[in-house]
Structure formats: structure tokens, C-alpha cells
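This report goes through a few local features of one protein chain. Please look at the structure before reading on.

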Amino acid sequence: MAKIYVLHENNEWTDHLVKRLDELALPYELWHLDEGMIDLEATPPEGVFYNRMSASSHTRGHRYAPELTEGVLAWLEANNRTVFNGTRAIRLEVSKVNQYTALRREGIRVPKTIAAVGKEQIMNAAETLGMTPFITKHNRAGKGLGVQLFHSIEALREYVYGPTFEDSVDGITLIQQYIEAPQPFITRCEFIGGKFVYAVRVDTSEGFELCPADACSIEDQFCPVGETPPAKFEIVEGFTHPILAQLEAFLAANEIAVAGIEIIEDRDGNVYAYDVNTNTNYNSDAEAKAGTYGMLELATFLGDALHAKTK
């Protein structure tokens, strides 16, 4: 029997989707790809396949899960299976350099960014950027990994050559223009089936950890659970903006069906896209208040795709 197959590495981020698949009585199977094997001679099962592998998998002890998942996706695509968020999507998920180059190709403004490998090159990148303040971030990130704000080259030097420096898991550090918004919030736009669903206003006054998931690891300083007010994440009713059409075109060009894309507006009204999350999560408090549910929309989308395939 054909099923919906969900490729992932974190049960906590899949529980809400499973609940909706059960609610809709859809057949499904979870493929937890923290480890495994790929028999290239084998024929994949029938069904539709949805990839929600995370760039931050290494923080949960699943260092090679993205690499394994990319191989599985290539195998599925080579066998003409229906795949949502396939090999192109995972290449963008695990590399912000890939994200920014792809966004720029579609005419979408991104912050000025220089990628560097090696401590000396990180310092050279900051000198080349030539603007303060600026931020660092990891190329393969998620959960705000490596994001720090610096007001001077010397402050960066103390960090890079000090005991608290943390390299990206892929060795690539980004030096990036700091976009100062007139008010401390960013907007996260959610897309399912490549189409805009809703936008979330995210309060950034407490820091750079902006993951909307209900389940976060305890080391996440700004995880939106526990004592964090639900108002940190608020769905914006009737959100419209010209950039939405550009973002939908970007998703289509890169064969991405499901994503959350974070945008920010500077003091001059310029809008930048700076993060593409292809394993997007949704905040239950914000959704309950607005009466809209991303995982239900996603489960319905996957169910429709399965039914279309099995007609």
C-alpha cells in the first residue's frame, strides 16, 4: 500500500505532524535517518516522500544525518518517486551560502555576506565587509548557531582567538551585515505546497534564537517554551507584501514545497531575506490564538498528493 513517508532525525519535531496524519486517517511511515544504509539496487516503496531533515541535526548527535538523507533523496528521485523538499532543498537547508546565492539569483535582497574558512580568513572577511556592527553565523546552522553581534573588529578578534570560539560543523563561518530594524522583530513567512500560508511576527528583543518549535533542547537560551511569553510569536492577520510573490518564485525555482523564510525590514524600508528553513516548525500558542494550523495544512497537502498518486 502506498504511504506518506516522512524523512527526519528528530521525533519531537515530527510529533505534531504525526498527530495530524492520524487525525486525517492517512497511512504513513517515519524514516529516522540518523543512521542507516542505501541499497542502490533496491526499488523504493510506492508513495510520497517528505523530507524534513534539519541543518542542526549534529547538535542532537546526528552528525551525518543530512548526508545520509541527501543520498536517500537522490535514490528516490532517480526512481521517479514523488519527493517534497528533495536534493535541491537539502542543499539549501545545510548551507546558508547556497541559500543566499539562490535568493540573489531570484532578485531577492539578502544581507551582505562573506564566507570564510580559517581564523585569519574570518578576520580578513570582517575587514573586507567594512561595516560595523556586523554578525557572525555558522554556514550549517539552525537554532541560531554561531550568531553573535560585534561592534568592532577587535571584539571579533578577541572572540575568534579566545577560548569561547565555536567553529561551524562544516568549517565555514559567515561574516554578515547587521540589519537594524526600526522595531525589534522579524517576520517569518510560512509556505506549504510552495504557496504562502501565513506570516509570524517574531519578537527579537531577547536574542537571535528564533526557532518557533514547541520542543527545543534545554541549552537553547531563547527557546519559546516554559516562561517565554506566547506573544514572542504572533501570527499576523492578513499579511501581504510584494516579496511574497518573489519568495514563491524562489521556492518553485529550487523545488522546495515546504519552508519558513525569515525576512527583516531596515530603517529605510528595504526588506531582506536571511534564512530559509526547509524543515519548518510551527508555534502552537500562536496558531491556537489565530485559529490556523500549519501541520494540519501540511498533512492535508501530503494526503492530497498521496490520493492523486493512487487514483
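Over which residues does pLDDT stay under 50? The stretch is residues 214-230, for which the model has 30 contacts beyond four places in sequence. Here pLDDT is the predictor's confidence in each residue, from 0 to 100, and contact means heavy atoms within 4.5 Å. Where pLDDT is low, the predicted coordinates should not be read in detail. For the protein chain, the mean pLDDT is 92, and 92% of its residues reach 70 or more.

This is a predicted model, in which local features need pLDDT of at least 70 and side-chain atom pairs count only at pLDDT 80 or more, while totals for chains, interfaces and linings use all residues. Residues are numbered from 1 along each chain as its sequence is written, and side-chain values use heavy atoms, with hydrogens and water left out.

**Strand E6**

Helices (H or I, at least four residues) and strands (E, at least two) are DSSP runs, numbered from the N terminus. Strand E6 covers residues 134-138, and 5 of its 5 residues are buried, so the strand is largely enclosed by the rest of the structure. Buried means under 20% relative accessible area, exposed over 50%, and partly exposed in between (1.4 Å probe, protein chains only). On one side of E6 lie Phe134, Thr136 and His138, and on the other Ile135 and Lys137.

E6 has two antiparallel partners in the table; two strands pair if DSSP finds at least two bridges between them.

| Partner of E6 | Bridges | Opposite Thr136 |
|---|---|---|
| E7 (residues 148-150) | 3 bridges | Gln148 |
| E8 (residues 173-177) | 5 bridges | Ile175 |

**Backbone exceptions**

Most residues other than glycine have a negative phi, and most peptide bonds are trans. The bond from Thr132 to Pro133 is cis, with omega near -5°; Pro133 is in the loop between helix H5 (119-129) and E6. Phi is positive at Ala25, near 55°, and at Asn85, near 65°. Ala25 counts as exposed because its relative accessibility is 66%, whereas Asn85 is buried, at 0%.

**Arg52**

Arg52 sits in the loop between strand E3 (47-51) and helix H2 (65-78). Arg52 is buried yet has no salt bridge, that is, no side-chain nitrogen of Lys or Arg within 4 Å of a carboxyl oxygen of Asp or Glu. The nearest side chain of opposite charge, Glu9, is 8.5 Å away; Lys and Arg count as positive and Asp and Glu as negative, with His and the chain ends not counted. A polar atom of the Arg52 side chain lies 3.3 Å from the backbone oxygen of Thr280.

Conventions
Polar contact = N/O pair within 3.5 Å; in protein donor to acceptor, adjacent residues only side chain to side chain.
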